[in-house]
Amino acid sequence: MSVGHKVLPFAGVALLLVAWDIAIRVGRAPLLPGPLAVGRAIAELAQKGFLVKHVVASLFRVTWGYLLAVAVGVPFGILLAWYRRGGLALAPLVEIVRPISALAWIPLAILWFGVGDLSAVFIIFIASVLPLTVAAMSAVGGVSAVHWNAGRNFGLSTAEIARRVLLPAILPRLLVGLRLALGIAWLVVVAAEMIAVNSGLGFLIIDARNAGNRYDLVVAGMVLIGTIGLCLDAAMRGVERLPALRWGYAGAAAETA
Amino acid sequence: MIPVPEPAPRRTKVEIRGLQMTFRAENEVRVLENMDLDVREGEFVCILGPSGCGKSTLLNIVAGFLAPTAGTVKIDSEEVHGPDARRIFVFQERGVFPWLTVEGNIGFGLGCLPRAERERRIAHYVGLVGLQGFEKAYPQELSGGMKQRVEVARALAVDPDVLYLDEPFGALDSITRLVMRGELLRIWRAEQKTILFVTHDIEESVQLADRVVVMSARPAHIRRIVEIDLPHPRDLSSRRYLELRDGIFEEIGLAHRI
Amino acid sequence: MTGRRRLEAILLPALAAAALIALWHSAVKATGTNVFPSPAAVARGVAELARKGLLVRYTRDSLLRVAAGYGAALAIGIPAGIFLGWRPAAARAANPVIQLLRPISPLAWIPVAIVLFGISDMSAIFLIFLASLFPILVAAMNGVRGVPAMYRDAGRNFGLSGGALLSRVIFPAALPEILAGLRIALGIAWIVVVAAEMIAVNSGLGYLVIDSRNAGKRYDLVVAAMLLIGVIGLILNLLIQRVSRLRAVQWGFREESA
C-alpha cells in the first residue's frame, strides 16, 4: 500500500472538518458551532466528568435493550424460518409492525413502563427485535439444502440437526445481522432517551438545546454518538473476522457497510 | 476337467419398481417414467444421461430425500421412506461442512462411538483418501479435489452399505477427475460397497461401472443397460473398452467426429 | 406458487391476525384497563379519523414528505455513490466520513434542522433526506465496486468507455444492489418521517401519534395511527419489491426467491 493510499481515510475526515469550519464561518447560522467549538465542548464535558457519565448511561441502556432483543428476536426468527407454516402466518404481521418507528412506541412505553430507564430500554428493544428476527430468518433461509440433507442422511435427530448443522451454518450471516441491529439500537438511543431520563448522550443533545441553546454541546453529543457507533461497528466486524468464523466471511459478509 | 461351480449370484440390494416422478410447479413436469432397476450387492452401477434428464432426481428418490409420485424403492427388501445412515449420499464438494475441520467432517456421523474408536476410524479414513497432514485444515483451505475426498471419507466412515454419488467429480478439472476415479475404484474394491453413481460423462461411466444404465431425455426411462465386462484395472486403450464406449455413444445418438 | 400454497399464504396470516386480535381483546377485558384500547375501540378510532377527513389528509402529508426527502436522497445519493464506487481512491477517503455520520440518528439532527429551517415541513424533509441518503449512497457505491472486472473488460473490449461504459455496463450490473439499498432506504424514510413529525410539524401520522396522547390520552387513536403506519409501511415495501421483480432486473435477485 502506498503512503497516499493509507492517508486517504484521514484525508477524508480532515476535508470534512475543514469544509465544516468554512461553512460555519461563511454561513448565516450563527447558532451552529464550528469544529473547534465542538472540540472545546467535548473537553468541557470531560473535565466536568459528564463525558464518562453520559457515555456509560447510553451504553448501559443500549446493552440491555439490545441483549433482550437478541434473546427474543433470534430464536423467534429461527422458529419462523424452521416451521414453514409458522413463518407464513407470522411473517406478514412482522412486516406490519416493523415500519412503526421506535418513537411511535413512546406513548405506549410510557403507559406500560412509566417514565424512565425501563421505557428507554423498551424503546431500544422494540427497535432492534424485529430487524434481528428478520436477520435470523434470512440466515436460516441461506443454509444450503445440501447441508440439511447431509445432516438428515447421517441419521441426526431434529435437535441434533439444529445444534450441529443449523447453528454453525447460520452464524456468519447472523453476525452481520447482529452488527446491523446493534447499529439500529445505537441509533435509537437518542429517541429512547427523549423519555424524561436525565443522563445519556441523547439526553445531552436534547437538554443542551432546551436548557440554553448550547449548540456546541448538541453537536458534541452528535460527534460522540457517531464515534462510538463507529467503534461498535468496528468491534462487531472484528468478531466476524475471528478465525473460527472466517469460513463464512467470503460468502455472508459480502454485505458490507 | 472338473466343472468349477459358478459363484452364487449376488443378492439384490436395491430394488426399484415402477418409479414415477412428476413435479408440480407452475405446470406439471414428468421427470421419471416407470423405472425398474435391480442393483446387486457390491455392484458399481453408473446412471448415465444428459443434464436435466432426471438422473439426480432418481438418485435423490432412492436415497430417500424425495418421495416418488408412484412406485417403490426397496433396499434389503425394506421399503425406503427417508434418508438413512446406512446409505450415504456423497454430494459434490459443496456438501462438506465449512465450519468443521477435515477431522470434524469425517467424524461427523461417528458421534455415538467411544472416543478411541472414533479417532481410530477417522485416522483410517484420512489415510484411505490420502489426506494425511490435513486433519486440522478447514475446507476453505483445501482444493476442490481434496474437499471431495473429505466428503467421500465422511461417507465411508460410518460404514454404510450403499453409497450414492451425484456427479461428484463434476467441479474438478479433468486431470484431477482421472485421479479421483482411480481412487474411488481402489476404495470400492477395498471396502466392497454397493455404489450408485450418476454422471453425464460416457467415458467416466465405462471406466468405473459394472453396469451402465443409459437414461433417455426427460421424461426419463431406461434406454438400455450395458454390462461392462472389463476386468479391473481397466485398460483405457483396449479394444473392448473402446467398443463398449462407442456402443454407448451410438446408443445416445452421438457422432464420433466433430 | 401452486393454488394450495397461495391459499396458505393468505389464510395463515389472516388466521394469525385474527388470533392476535382475539388475544388482544381478551387481554383488555381480563385486565379491565380503561386506558389501553380494545380492538373495537381502535376500529372506531379509525372510522372517526376517516369521518373527519384526517385519515386521508394526514396520510397524504406524511407520504408527500417522504416523497420529497427520499426523492432528494435519490437524486444526490445515486450519482454520488456511483462516483465513489467508480473511483476507489475517493471511496477510501469518503468511507470513514460515511461511517462516522451514519450512526447519528436523524433525531439528533433535529436541533440542526430547526436552526436551519425552523419548525416547518422543510425540517422534516431534511431529516428524511439525511436518513435515506446513506443507505442509497452506500448501496450505489458497493454496487458499482462489486461489478466484476470481467464485465468492465468486456465493455471496454467492445469499444465502450466513460459515460457509455457506465450507462450500458456498470449501472445495469450494479442495479440489483442499488435496488436493495433503495428498498432499505424507503423503509427508513417511512420510519423517520413519523419520527420527524412527532417533533417538528403539526400534521401527518407521526404527529397524530403524539398529539392523540398529549391532547387527551386518546390511546385508541394512538394505536390506530400506529397500525396505519405499519400497514402503509408494508405496502410501500411490497411496491418496491414489485419493482425488483421486473424481468429486466430479476437476474440479480435470482438467489433471493424467498
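**Exercise 1.** Determine whether B:Ala155 in this predicted model is buried or exposed, and describe its surroundings.

*Solution.* Step 1. Count the neighbours: B:Ala155 has 28 C-beta neighbours inside 10 Å. Step 2. Apply the cut-off: a residue is buried if 20 or more other C-beta atoms lie within 10 Å of its own. B:Ala155 therefore counts as buried. Step 3. Place the residue in its element: B:Ala155 belongs to helix H4 of chain B, which spans residues 144-157. Step 4. List the contacts. Leaving aside residues up to four places away in sequence, B:Ala155 touches B:Ile88, B:Val90, B:Pro160 and B:Leu163. Step 5. Consider a distance as well: 12 Å separates the C-alpha atoms of B:Ala155 and B:Leu128, which are 27 residues apart along the chain.

**Exercise 2.** Establish how many residues of helix H1 of chain B are buried, and what follows the helix.

*Solution.* Step 1. Helix H1 of chain B covers residues 55-62, and seven of its eight residues are buried. Step 2. Name them: B:Lys55, B:Thr57, B:Leu58, B:Leu59, B:Asn60, B:Ile61 and B:Val62. Step 3. Examine what comes next: B:Gly64, just after H1(B), adopts a positive phi of about 95°.

**Exercise 3.** Identify which residues touch the most other members of the largest nonpolar core, and inspect one of them.

*Solution.* Step 1. This core holds 220 residues. Step 2. Those touching the most other members are A:Ile123, A:Ile124, A:Val188, B:Val62, C:Leu127, C:Ile128 and C:Ala189. Among them, B:Val62 is also one of the buried residues of H1(B). Step 3. Take C:Ile128 as the example: with residues up to four places away in sequence not counted, its contacts are C:Arg65, C:Val66, C:Gly69, C:Tyr70, C:Ala189, C:Val192, C:Val193 and C:Ala196. Step 4. Set this in context: nonpolar side chains tend to be buried together in soluble globular proteins.

**Exercise 4.** Describe the overall architecture of chain B and of chain A.

*Solution.* Step 1. Chain B contains seven helices and ten strands. Its radius of gyration is 19 Å, close to the 18 Å given by the globule rule for 258 residues, so chain B is as compact as a globular protein of that length. Step 2. Along the principal axes, the C-alpha atoms of chain B fill a box of roughly 55 × 50 × 50 Å, and 40% of the residues of chain B count as buried. Step 3. Turn to chain A, which has ten helices and zero strands. Its C-alpha atoms fill a box of roughly 70 × 60 × 30 Å along the principal axes, and buried residues form 47% of its 257 residues.

Notes:
Residues numbered from 1 in each chain as written. Chains lettered and ligands numbered in written order. Predicted model: local features only at pLDDT ≥ 70, side-chain atom pairs only at ≥ 80, totals over all residues. Buried ≥ 20, exposed ≤ 12 C-beta atoms within 10 Å, placed from the backbone. Helix = DSSP H or I, 4+ residues; strand = E, 2+ residues; numbered from the N terminus. Rg over C-alpha atoms; globule rule 2.2 N^0.38 Å. Core = buried A, V, L, I, M, F, W, Y, C linked by C-beta atoms within 7 Å. Contact = placed C-beta atoms within 7 Å.
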